[in-house]
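Visitor: I'd like to go through the charged pairs and the cysteines here. Can you pull up the structure first?

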Amino acid sequence: MDKLEKYNDKVQITAKYDGLMCDIEVSVWVDTKGGISGCFEMYDIDTSGEYIYAEGGLWFDRREPYWFEDKEVIFELVDYDGVYELPKLILYTLKDHFGIDVDEHLSDVIVFKKKK
């Protein structure tokens, strides 16, 4: 199997977000340049997306490979659109299912540098 073939996949889950059950879909595919691209969609089930709705694109770059648990990580999330902040459910799906490095986007710590 081609090393990138595992990225041609779609994940559909139902999970609680902001107190409501939501349908979430994350798709990743191999692009024509030997990299990967993706998209996501998320909406609450009760109102069919009137209360919670998000969709957008996902862009990845190759990185220096490393192993996390049993997965080789060779891509990292570098950009996205459609939302101000990517929901953590999407980030964890990228990390857990696809083995993509999203740690920069999961950080809740803000570092301030002291002026000299």
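Guide: Here it is; keep in mind that this is a predicted model.

Visitor: How many salt bridges does the structure hold?

Guide: There are 2 salt bridges in the structure. In one of them, the side chains of D101 and R63 meet at 3.0 Å, N to O.

Visitor: Where do D101 and R63 lie?

Guide: D101 is in the loop between α1 (88-98) and α2 (103-106), while R63 is in strand β4 (residues 53-68), so the pair ties together parts that are 38 residues apart in sequence.

Visitor: And D101, buried or exposed?

Guide: D101 counts as buried because its relative accessibility is 11%, and the cut-off for buried is under 20%. Its partner R63 is at 27% relative accessibility and counts as partly exposed.

Visitor: Which side chains meet in the other salt bridge?

Guide: Those of K95 and D103, also with 3.0 Å from N to O. D103 has 38% relative accessibility, so it counts as partly exposed.

Visitor: Why can such side chains pair at all?

Guide: Side chains of opposite charge can pair when their charged atoms come close.

Visitor: Switching to cysteines. What does the disulfide count come to?

Guide: The count is 0 disulfides, where a pair of cysteine sulfur atoms would have to be within 2.5 Å.

Visitor: What about C22, buried or exposed?

Guide: C22 has 0% relative accessibility and therefore counts as buried.

Visitor: And what is the relative accessible area of C39?

Guide: For C39 the value is 31%, which makes C39 partly exposed.

Terms used:
Residues numbered from 1 in each chain as written. Predicted model: local features only at pLDDT ≥ 70, side-chain atom pairs only at ≥ 80, totals over all residues. Heavy atoms only, no water. Salt bridge = Lys/Arg side-chain N within 4 Å of Asp/Glu carboxyl O. Helix = DSSP H or I, 4+ residues; strand = E, 2+ residues; numbered from the N terminus. Buried < 20%, exposed > 50% of the residue type's maximum accessible area, 1.4 Å probe, protein only.
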